[in-house]
Amino acid sequence: MEVQIRMWNKDLPTLISPWIPILLGLHMHFSWATTCPEECRCDRTFVYCNERSLMSVPLGLGEGYKTLYLHNNQINNAGFPLEMHNVASVETVYLYGNQLDEFPVNLPKNVRVLHLQENNIQTVSRAALAQLLRLEELYLDDNSISTVGVEEGAFREAISLKTLFLTKNHLSSVPVGLPEELRELRLDENRIALIAEDAFENVTGLERLLLDGNLLTDEGIAPGALQTLVNLKTLSMARNSLTVPPPNMPAEFLVKLNLQDNQMNEIPLTAFHGLHRLERLDISNNQLQSLTQGVFDGLRGLRQLTVRNNLWLCDCNIKWVILWLKSLPATLNVRGFMCQKPERVRGMVIRELTLELIQCPNSTTTVPQPTLLSSSIAESATQTAFTPARSQPTPTPSPLTLLPPTAGEDREQRTNDPVGPRQESLRVSFAVLNGSCIQVSWVSTFAVTAYKVTWVKMGHSLITGPMQESLVGGEREGIALANLEPKSTYRICVDPLDTLNNYHPGDDMICSEVMTKSASFHSGDNTTGPEQATQQDPSSPFLLAGLIGGAVLMVLVVLLSIFCWHMHKKERSDSSKWKYSRGRRKDDYCEAGTKKDNSILEMTETSFQIVSLNNEQLLKGDFRIQPIYTPNGGVGYRDSQRRNNSTAYCKNSVPESDTCHK
């Protein structure tokens with residue numbers, strides 16, 4: 001026995017040791033289950049105390065829970081018990097939508113994420129944030145925090161803070177004393193008008209800064225305010241009052257820059273200098289009319305450029321933009337370059353512009369433009385001869401005019417060089433085939449790899465249709481432009497591509513305005529001469545409008561006549577249905593047994609009544625009418641006790657026109 005006891009004592013620790021973790025786990029499980037506050041619901045590591053009209057944080061919160069939901073209650077600053085600060089397991093607290101007017105104290109000491117949006121917090125103290133040494137994300141959006149309400153250096157007490165949201169508050173400047181570990185700072189939708197030189201002095205690790213929707217101006221940003229943010233990747237300053245981009249932007253790591261919805265009217269040549277890693281640039285909704293040539297040259301990493309809703313003036317200063325856009329690689333997406341002025345090119349995409357459409361007052365490469373004087377010219381073909389300016393220097397030719405052909409002349413009109421004979425290198429002719437087709441033909445004396453043919457519809461000296469283009473191989477000598485609108489003027493340009501695959505807009509390009517035939521012309525009509533092309537009567541639109549108006553008027557008259565006939569027929573039907581009508585004269589009721597001079601017996605479908613036609617007292621006795629309801633559903637009337645001067649009426653399932661007199 002003694003040996004057995006000794007063996008048992010020796011093996012006891014070995015038997016108990018495997019059960020110790022199990023017993024501890026059971027103890028913790030039941031301990032947590034019993035420490036869930038009565039007002040809340042607990043599920044694993046979550047405590048749900050939200051939307052319960054609580055005035056304070058419930059007591060009895062035990063260890064083991066990581067996320068605490070207290071949002072959308074009525075908790076005020078006095079509702080945080082001291083014991084809550086000692087709960088070490090809680091890491092995330094949701095307190096948005098309550099009635100806090102200052103930054104709360106006694107929060108769980110190890111909290112990492114804190115949501116305090118949509119309260120009425122006005123002050124932030126250093127003591128409150130000094131309790132949260134592990135706080136990493138703080139959301140204070142949509143409160144009433146002002147610059148004077150933030151104690152100097154308060155946010156610096158949260159030494160682990162990396163994300164700080166202060167959107168939609170009442171800040172007039174950047175809070176002083178931000179934590180050094182801060183990575184993202186949102187100050188949008190405030191009243192910030194000043195950024196001091198040392199505003200971001202110690203925040204060298206900041207990567208994302210949002211200042212949208214403030215009152216920033218060029219003078220309100222100190223020259224070196226942004227220069228210390230050497231690790232900044234995203235800078236957004238939209239919806240402010242800047243007239244130029246901010247100076248000395250951090251260049252080394254900046255990837256995204258938003259400057260839309262400001263009042264910028266110019267961008268200096270060095271504004272984006274050094275931003276080699278910039279990928280996204282937005283300058284939309286400003287007042288830019290032109291850009292300095294080379295302003296984007298340093299943006300080697302640019303992938304998206306947005307310039308919508310600016311006042312782009314498409315004059316000579318925009319030429320370099322056209323060439324730059326056409327030389328861009330496919331990896332760069334540019335959006336919003338559209339002409340706003342002058343009116344003749346308004347709405348056109350700048351990339352699709354040709355240099356011929358751009359007005360350059362001092363240009364030395366002006367190309368003579370043929371002009372059509374009358375619609376009869378559309379019956380003939382036009383041909384323009386041109387010698388490139390780069391072949392030999394020649395004086396600027398005077399404008400040429402194509403005159404209408406006569407019956408004895410050849411179908412094709414040719415324009416001669418007004419300054420003397422010279423070698424023609426490219427000849428282009430335009431033949432109007434019918435109302436929807438124009439044949440463009442050319443002859444070139446030099447090697448051409450391809451031709452680019454562009455055409456656009458004109459209207460009242462303005463471009464009204466989309467510009468279309470087509471590439472034609474160099475071996476071909478023409479192209480037919482189909483699906484055009486009849487009686488419309490089109491501007492057609494032919495631009496050759498030389499053997500080096502280079503276009504020379506403005507040098508070799510030949511353009512002309514050609515009018516298509518009227519829709520009434522037939523494409524098979526080959527007769528020449530202006531007498532065969534009958535012009536449309538200028539009053540034809542008014543004649544057509546008159547015909548349409550007359551037809552509509554006739555239809556209305558017919559409909560009105562039918563309506564009146566139908567109503568008249570219905571009236572006659574109604575009058576024949578009833579024997580007695582209100583429209584008859586008093587004398588017509590004598591045979592109905594009434595007194596001619598006193599009253600009228602008016603018959604209706606199921607009853608009748610005596611109506612006096614005057615206000616005189618009924619003479620010659622009283623009248624008494626008593627209805628009798630018969631078994632077959634009819635209505636009868638029986639005689640009452642009559643005096644000598646009484647009159648009786650009877651009706652017993654007989655037609656209304658049958659009356660009995662006595």
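Is Glu 157 buried, partly exposed or exposed? Glu 157 counts as partly exposed, at 23% relative accessibility. The legends below describe close-up views of a predicted model.

**Figure 1. Confidence along the predicted chain.** The protein has an average pLDDT of 75, and 65% of the residues score at least 70. Two stretches are singled out here. Over residues 29–33 the pLDDT stays under 50, and the model gives this stretch 3 contacts beyond four places in sequence. Residues 578–608 also have a pLDDT below 50, with 66 contacts in the model beyond near neighbours in sequence.

**Figure 2. The largest nonpolar core.** This core comprises 102 residues, and Phe 103, Leu 138 and Phe 272 have the most contacts inside it. At least two residues of the core come from each of helix 3 (126–130) and helix 4 (319–326). Helix 4 gives the most, with 5 residues.

**Figure 3. The surroundings of Phe 103.** Setting aside residues up to four places away in sequence, Phe 103 touches several leucines, namely Leu 114, Leu 116, Leu 129, Leu 132, Leu 138 and Leu 140. Phe 103 also touches Ile 121, Thr 123, Val 124 and Ala 128. Leu 138, one of these partners, is itself among the residues with the most contacts inside the core.

**Figure 4. A separate nonpolar core.** Apart from the largest core lies another, made of 20 residues. Its members include Val 432, Trp 455, Ile 492 and Val 514.

**Figure 5. A nonpolar patch on the surface.** The patch is formed by Leu 544, Ile 548, Val 552, Val 555, Leu 556, Val 558, Leu 559 and Ile 562. Together these residues have about 740 Å² of accessible area. Val 552 is found in helix 5, which covers residues 540–577. With a relative accessible area of 45%, Val 552 is partly exposed.

**Figure 6. The salt bridge between Arg 126 and Glu 157.** A search of the whole structure finds 8 salt bridges. In the one between Arg 126 and Glu 157, the closest N and O atoms are 2.6 Å apart. Arg 126 belongs to helix 3, whereas Glu 157 lies in the loop between strand 6 (137–139) and strand 7 (163–165). The pair thus links distant parts of the chain, 31 residues apart. Arg 126 has 35% relative accessibility and counts as partly exposed; Glu 157, at 23%, also counts as partly exposed.

**Figure 7. The salt bridge between Lys 457 and Glu 485.** The side chains of Lys 457 and Glu 485 meet at 2.4 Å, N to O. Lys 457 lies in strand 19 (residues 450–459) and Glu 485 in the loop between strand 22 (478–481) and strand 23 (489–497), so the pair ties together parts 28 residues apart in sequence. Lys 457 is partly exposed, with a relative accessible area of 22%. Glu 485 is likewise partly exposed, with a value of 39%.

**Figure 8. The salt bridge between Arg 491 and Glu 513.** The closest N and O atoms of Arg 491 and Glu 513 are 3.2 Å apart. Because Arg 491 lies in strand 23 and Glu 513 in strand 24 (residues 510–515), their salt bridge ties together parts that are 22 residues apart in sequence. Arg 491 counts as buried, at 10% relative accessibility, whereas Glu 513 is partly exposed, with a relative accessible area of 26%.

Key. Residues numbered from 1 in each chain as written. Predicted model: local features only at pLDDT ≥ 70, side-chain atom pairs only at ≥ 80, totals over all residues. Heavy atoms only, no water. pLDDT = per-residue confidence, 0-100. Contact = heavy atoms within 4.5 Å. Core = buried A, V, L, I, M, F, W, Y, C linked by side-chain atoms within 4.5 Å. Buried < 20%, exposed > 50% of the residue type's maximum accessible area, 1.4 Å probe, protein only. Helix = DSSP H or I, 4+ residues; strand = E, 2+ residues; numbered from the N terminus. Patch = residues over 30% accessible without salt bridge, like charges linked within 9 Å, V, L, I, M, F, W, Y side chains within 5 Å. Areas by Shrake-Rupley, 256 points an atom, 1.4 Å probe, with all protein chains shown as cover. Salt bridge = Lys/Arg side-chain N within 4 Å of Asp/Glu carboxyl O.
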